[in-house]
Amino acid sequence: MDKADNRAHEQQRVNYVIDEINKKAENLYSRETGLKEDVIELRKNFWEDVTVNLDEPDDVIETQASIKQQAELLSQKETIHGKIEDELKTLKKLKNSPYFGRIDFIEDSETKTEQIYIGIESLLDSDEKDFLIYDWRAPISSLYYDYSPGYAQYETIEGTVMGEVSLKRQFIIRQGSIKGMFDTGVTIGDHLLQQALGNNASTSMKSIVATIQKEQNKIIRNKGNQFLIVQGVAGSGKTSAALQRIAYLMYQYREVLNPNNILLLSPNPLFTSYIANVLPELGETNVRQTTFLDYLKDKAGSQMTVESPFEQMEYVLTGEKHTDYLVRMKSIDYKSGVEFKYMIDHFITGLNTQGIQFKNITFHGEVLISNAQISEYFYSLDPQMGVPNKMELVSKWLLKKIRRQQNIEKNKDWVMEKVELLDKEDYLNAYYNNQEEDEDDSSLEEEILRKVVVKRIFASIKKRIKQFDFVHVLTTYQTLFTKWTPKDMPEYWKEISEQTAANLSQKFLTWEDATPYLYFQGRLLGDHHDRSVRHLVIDEAQDYSAFQFAYIKHIFPYTRMTLLGDTNQAIYTYATEENPLFLEQQRETEKVTLTKSYRSTKQIVDFTKHFAPGDELIEPFNREGVKPELTLLYNETDLAGALVDSANDLRKNGHETIGIICKTSQESDMIFNLLKDKISVIQINEETYSFQKGLLILPVYLAKGIEVDAVIIPDASDRQYVKESDRTLFYTACTRAMHALVMIAQDNPSPFIEEAPGNEYVKIQ
Ligand SMILES: Nc1ncnc2c1ncn2[C@@H]1O[C@H](COP(=O)(O)OP(=O)(O)OP(=O)(O)O)[C@@H](O)[C@H]1O
């Protein structure tokens, strides 16, 4: 068959598959219409089909059962309806582009070559026998990502299947028609990749399913170890691979995993919205997603203020003039390491014999149980038992006392006053509950209602006791810094202690204190391990301190984890050798390295790799562009003009999303004020929840993980990026660019730029 025949033949198959999709969709539509009518009917007649009778307690029970039955029927129909809707959505996607790949494979033990067409979802023919499309996550589909024509094998639950791939073909199908078709050799679609990467930056990340590379596939399909650590250079597809991996896990373990069992920790809210479309694009529901900050805030409770990592960063970069700067830096350094965790452990051991601060339990303004009583009871318990176990016993002891008090209060006058305020429903419920519990048939109604009142009033006290709210966690933690003397005192401990105690008395947790405090709280009151999280995916893992990572391991002891990051982009000062990504291969840990950078043009990668902080290999994907540009200014007043000119030039060259990436938010404010009356700009801050096209101004720590068509560095001088600790910031900022990088510097450029040979960039004076 020649090329044209081949294409016509493939188009015929596409048409046939689309016919089948249409038939399936029609079938589903008619089922959906029937169901919709049923649901409307059920909702309309809900109350008619329910027997409502509230005269006697028995009738109440019957009425409730009848409502429950009717509601269950409705919910069943609604669930089926929802599933059909999802299937229809998928069929709509398949109709537009049924598949993107084909491989011809002949198994060693077979004589017939199978044609495997690969798309975002499986599709069976109308007899439900043969696969017209294989899901990209099916075991056989891995052949497509892992092999070029020739010998190949793939794993199934039954074992390894070996054979030969005789053809590997890629398609671009849009609106049901083949727009491109390539037979490929070693790597998947340089063609397709070139096309995908050459486009403008998008406001939301795209799925890379059609062009997953072999080494990325290794991450996506990884099984076996508890920890998968991915070190990948900037733009190597870590985030993309992480999302594809989530989709893969959801498919592979669909019987046992639901979207709530996977938690994705991302660097900031902007990033969360940036990646929000990928899973739905693949026909999957989004999984649980949060930032580590929000996770900690949630645990710390609303009475505490938690500093964000960005605020900490801003302080580190701009706070040098503060008198407490040095102490704070020492504090950040110490509290980020696991040594501090050992110190807390040691402190807690001491608390087993003395020192825990308790609260009084009060009722109507009077102390019911004093803190001294609680303390006495706590310390009378066996010290061998461990603090959280003893807290459990204290809680039980307190609840018993409260129940006793409840009985005493029940007969007091104030209760009767409240009884009179109860409404009709309470009366009915009181009676009904009493019947159900079969507690005291002969009780007088007043007795029952009194019980209701005291039970309700004491409910909040009991709830607080169950949550161990009788312990002064914060005050106890504070004594670590005010009354306790550690065995191994770190440098500046006295000053660190004073600074910490002052913050804690304001109920303020600095970023470096937030995790240690919550670790302490968990060790004191017991950690509620979140067993519902079966897989945890951490993006930008290089930005977690050793303490934070140890804490994550502590609260998710049984969870499998995928950690992705780039040591070159470790922008926080505490990212030391103890960072999880620096860990040497350990038991239960597999490390995968990605060295190829897909985001930026060859020119940008070749330039930036000269000042990359680490010595990892960085290979550019072969996509041509223009050389980075360095504009030198000799007059400060020219900056606004230079920025406007650069932005306009970049726009003229077709770039839609241009990021003016600053070192700090202070610089970002300054540039925004400089430009806001001259050109239309969007300033992005910590509270920005969605990404949009245009001319954006943002600090580098908010640009983490995202990409733009062109980057402008407004101050690439040796005043702004000079210290070794600035290197990761500068590298991260430059590597956000897909197609163009423009640096502007007053007087002298940053020494990092000068590490690149002069022929790698264009200097404009
Ligand atoms: N296999 C692929 N096919 C198509 N595009 C890809 C592939 N791998 C990566 N890309 C593209 O490269 C760009 C960078 O990918 P991604 O953001 O996942 O990288 P990253 O390693 O997380 O980057 P960084 O650490 O710099 O934030 C994205 O535009 C992504 O779509």
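Q: Two strands pair if DSSP finds at least two bridges between them; what makes β1 and β2 a pair?

A: This is a predicted model, in which local features need pLDDT of at least 70, side-chain atom pairs count only at pLDDT 80 or more, and totals for chains, interfaces and linings use all residues. Residues are numbered from 1 along each chain as its sequence is written. Strands are DSSP runs of E of at least two residues, and helices are runs of H or I of at least four, both numbered from the N terminus. β1 (residues 101–107) and β2 (residues 114–119) run antiparallel and are joined by 5 bridges, so the requirement of at least two is met. Phe105 stands opposite Glu114 in β2, and 6 residues lie between the two strands of this hairpin.

Q: What makes β1 and β6 a pair as well?

A: The antiparallel pairing of β1 with β6 (residues 159–174) has 7 bridges, therefore the same definition of at least two applies. Gly101 has Gln170 as its bridge partner in β6.

Q: Why is Ile713 called buried?

A: A residue is buried if 20 or more other C-beta atoms, placed from the backbone, lie within 10 Å of its own, exposed if 12 or fewer, and partly exposed in between. Ile713 has 27 such neighbours and therefore counts as buried. Ile713 belongs to strand β24 (residues 708–713).

Q: What makes a residue part of the shell around the ligand?

A: Its C-beta atom, placed from the backbone, must lie within 6 Å of the ligand. By this criterion 24 residues surround the ligand, with Thr211, Gly237, Lys238, Thr239 and Ser240 the closest. Helices α4 (190–198) and α6 (238–252) each supply at least two shell residues.
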